[in-house]
Amino acid sequence: MRQMEQKILDEATILDGGVLKVGSFLNQQIDPVLLGQMAEEIKRLFGASEVNKILTIESSGIAIAAAAGMAMNVPVVFAKKHRSSNVDGDVYSTSVHSFTHGEDYRVVVSRDYLTSEDRVLIVDDFLAKGNALLGLIDLADQAGAGVEGVAVAIEKRFQGGGDRVRSLGYRVEPLACIESMDEKGVNFCSL
Ligand code: 5GP
């Protein structure tokens, strides 16, 4: 998606550890025009599939997922990060290793909001090593829900998560895909 690539070139900064900072338009301040364009692109990519629910993870995925849910007219569920490992039986629960914080955390979603009737589109802001997406896929599996595919705002292909998730047979669509990045800048994937 050209507008996302341009925004990355204009405003993103590259931090140590292969982290891209996008606080000015996605992770803290949100650009509403870009958000609307992202939602339309996700609808274009997945509108013809049987998606009846969008699943994301708090917190940065929520805005993108909500915008896509509005465009596609489907409800949006977000998995919550849970402090304790003791969770009650009313939730599906899985463990995710955090790319940005380097530790494991638990994510849960209520059994009320994810069921075997659901055909889920998973949405998140970044795809790095794939742990967040695999956690969400695990929650969908526990519920017996189908996974129609994955849409991410930015895939960092050099960190391998996209290969991991695609090799399991899932359709993964990045709105922008970064092949490599260093102090000289960002190179996008040739699609
Ligand atoms: P993964 O689980 O694929 O390794 O990492 C994805 C999660 O880590 C995303 O939900 C996102 O919150 C965070 N993340 C990964 N890479 C970046 C990055 O370059 N910048 C920011 N802001 N977040 C990232």
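**Disulfide, sheet, cores and salt bridges**

Reader: Are C177 and C189 buried or exposed?
Author: This is a predicted model, in which local features need pLDDT of at least 70 and side-chain atom pairs count only at pLDDT 80 or more, whereas totals for chains, interfaces and linings use all residues. Residues are numbered from 1 along each chain as its sequence is written, and side-chain values use heavy atoms, with hydrogens and water left out. Buried means under 20% relative accessible area, exposed over 50% and partly exposed in between, with a 1.4 Å probe and protein chains only. By that rule, C177 and C189 are both buried.

Reader: How far apart are the sulfur atoms of C177 and C189?
Author: The structure holds one disulfide, a term that stands for a pair of cysteine sulfur atoms within 2.5 Å. The link of C177 and C189 is left-handed, with -60 degrees about the S-S bond, and the two sulfur atoms lie at a distance of 1.9 Å.

Reader: How many residues separate C177 from C189?
Author: Helices (H or I, at least four residues) and strands (E, at least two) are DSSP runs, numbered from the N terminus. C177 belongs to strand β9 (residues 172–182) and C189 to the segment after β10 (185–188), so that the pair links distant parts of the chain, with a separation of twelve residues.

Reader: Which strands stand at the edges of the sheet?
Author: Strands of a sheet pair through backbone hydrogen bonds, either parallel or antiparallel, and two strands count as paired here if DSSP finds at least two bridges between them. The open sheet has eight strands in the order β5-β6-β4-β3-β7-β8-β9-β10, with mixed pairing. Two strands each have a single partner, so one side of each is left without a neighbour in the sheet, and these are β5 (91–97) and β10.

Reader: What angle does the direction of helix α4 make with that of β3?
Author: Strand β8 (residues 146–156) runs parallel to β9 and is joined to it by six bridges, and K156 stands opposite I178 in β9. Helix α4 (residues 60–72) packs on the sheet, touching β3 (53–57), β4 (76–82), β7 (119–127) and β8. Axes are lines fitted to C-alpha atoms, for helices over the stretch in contact (heavy atoms within 4.5 Å), and angles run from 0 to 180 degrees between N-to-C directions. For α4 and β3 the angle is about 170 degrees.

Reader: Which element gives the most to the largest nonpolar core?
Author: A nonpolar core is a set of buried Ala, Val, Leu, Ile, Met, Phe, Trp, Tyr and Cys residues joined through side-chain atoms within 4.5 Å. The largest has 35 residues, and among those with the most contacts inside it are M4, L20, L121 and I154. At least two of its residues come from each of α1 (2–11), α2 (23–27), α3 (32–46), α4, β7, β8 and β9. With seven residues, the element that gives the most is α3.

Reader: Which residues are joined into one network by salt bridges that share partners?
Author: K7 forms a salt bridge (a side-chain nitrogen of Lys or Arg within 4 Å of a carboxyl oxygen of Asp or Glu) with E11, the closest N and O atoms being 3.0 Å apart. D31 also forms one with K7, at 2.8 Å. D31 lies in the loop between α2 and α3 and K7 in helix α1, so this pair ties together parts that are 24 residues apart in sequence. D31 counts as buried at 18% relative accessibility, and the salt bridges that share partners join K7, E11 and D31.
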